[in-house]
Amino acid sequence: MAFRKSIYKTPAELRLMVAPGLATAASLAAVRAAIRPGITTLELDRLAEEAIRSLGGEPNFMKEPGYHHTICSSVNDEVVHGIPGVRVLEAGDIVSIDSGAELGGWNGDAALTVVIPDPTRPDVVRERETLARVTEQSLWHGIAALASARHLNEVGTAIEEYIASQGEYGILEDYVGHGIGRSMHEEPPVFNYRVRDRGPQVKPGLVVAIEPMVTLGGIDTVTRGDEWTVATSDGSAAAHWEHSVAVHAGGIWVLTAEDGGAAALRPLGVVPVPIP
């Protein structure tokens, strides 16, 4: 019989995942503070790398075969896996940044979306800001569901139900969340929509990266000529938010949020508990 590694971490292993989560959070904070018209995505990449290395970590995206950067930077109709480069950000752009850190052999992974103000296009900015907000809140509704879920796929149901309550949006199905630990991408998959299978049990030791990707249009995508960048087929704008979350005996803790998710989860009636 083949040996299958458990998807559940020990309490000691959960503690080791706190540092890479915080390094990931620091990299996104550095990028978020710097996003403005005129900056290039490669400059943002450098800031993220500096933040991770300053905390003793390494960018784990660089360890993906064929990828050589700290972040993925996806702009406007790009959903995920955009490669940093000479592209100059402009007013009104919607920018999704995905980042990850490895520290002590353990990984963190998180993403956020920022809309750059543009007073000349208030309607475009408003629509994109709403998309970013709905996507972010769907993530937090999924995390809140994890706090009381018996099975993992209850998370996807919560995400889909929240998004559906906010209007007509597309939830990508070809790209989903994942387990995380010694590797950045581990079992199990974490769906952002309702599925028939219940998924694995939610119990202490489960660590998952939840990451809804949502569009203003359809869910079909194309991979561009660089063989990395995934964009919407219909050219509609997209948003991407992600956090790595640990389940332990005392509750849940958002590893890639400085406060463990306390501020965002409070309105949803969930109080995250630090990993002891």
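## Exercises on salt bridges and strands in a predicted model

In this predicted model, the side chains of Arg-87 and Glu-78 form a salt bridge with an N to O distance of 3.3 Å.

**Exercise 1.** Determine how Arg-87 and Glu-78 are classed by accessibility, and which network of salt bridges joins them to other residues.

*Solution.* Begin with the cut-offs, under which a residue is buried below 20% relative accessible area, exposed over 50%, and partly exposed in between. Arg-87 has a relative accessible area of 35%, so this residue is partly exposed. Glu-78, with a relative accessible area of 10%, is therefore buried.

**Exercise 2.** Two further pairs, Lys-63 with Glu-102 and Glu-161 with Arg-194, are to be examined: state where the partners lie and how they are classed by accessibility.

*Solution.* Take Lys-63 and Glu-102, whose side chains meet in a salt bridge at 2.6 Å, N to O. Lys-63 belongs to the loop between β1 (58–59) and β2 (71–75), whereas Glu-102 belongs to strand β4 (residues 94–103), so the pair ties together parts that are 39 residues apart in sequence. Lys-63 counts as partly exposed at 42% relative accessibility, while Glu-102 is buried with a relative accessible area of 17%.

Next take Glu-161 and Arg-194, which meet in a salt bridge through their side chains at 2.8 Å, N to O. Here Glu-161 is found in helix α5 (residues 154–166) and Arg-194 in the loop between β8 (186–190) and β9, so parts that are 33 residues apart in sequence are tied together by the pair. Glu-161, at 46% relative accessibility, counts as partly exposed, and Arg-194 is partly exposed as well, with a relative accessible area of 43%.

To complete the network asked for in Exercise 1, Asp-77, Glu-78, Arg-87 and Arg-224 are joined into one network by salt bridges that share partners. The structure holds twelve salt bridges.

**Exercise 3.** Establish whether strand β14 (residues 243–248) is largely enclosed or left open, and identify its partner strands.

*Solution.* First consider burial: six of the six residues of β14 are buried, so the strand is largely enclosed by the rest of the structure. Then consider direction: His-243, Val-245 and Val-247 point one way, Ser-244, Ala-246 and His-248 point the other way, and all are buried. This can be read against the general rule that side chains of a regular strand alternate between the two faces of the sheet.

Turning to the partners, strand β9 (residues 207–210) pairs with β14 in the antiparallel sense over four bridges, and Ser-244 in β14 is the bridge partner of Ala-209. Strand β15 (residues 251–254) also runs antiparallel to β14, to which four bridges join it, and Ile-252 in β15 is the bridge partner of Val-247. Two residues lie between β14 and β15, which form a hairpin.

**Exercise 4.** Work out the strand order of the open sheet of three strands, and which strands stand at its edges.

*Solution.* The order is β3-β12-β11, with antiparallel pairing. β3 (78–80) and β11 (221–223) stand at the edges with a single partner strand each, so one side of each is left without a neighbour in the sheet. From one strand to the next, the twist averages 40°. As a last step, inspect the pairing of β11 with strand β12 (residues 230–232): three bridges join these antiparallel strands, and Thr-223 stands opposite Val-230 in β12.

Methods
Residues numbered from 1 in each chain as written. Predicted model: local features only at pLDDT ≥ 70, side-chain atom pairs only at ≥ 80, totals over all residues. Heavy atoms only, no water. Buried < 20%, exposed > 50% of the residue type's maximum accessible area, 1.4 Å probe, protein only. Pairing = 2+ DSSP bridges. Salt bridge = Lys/Arg side-chain N within 4 Å of Asp/Glu carboxyl O. Axes fitted to C-alpha atoms, helices over the stretch in contact; angles between N-to-C directions.
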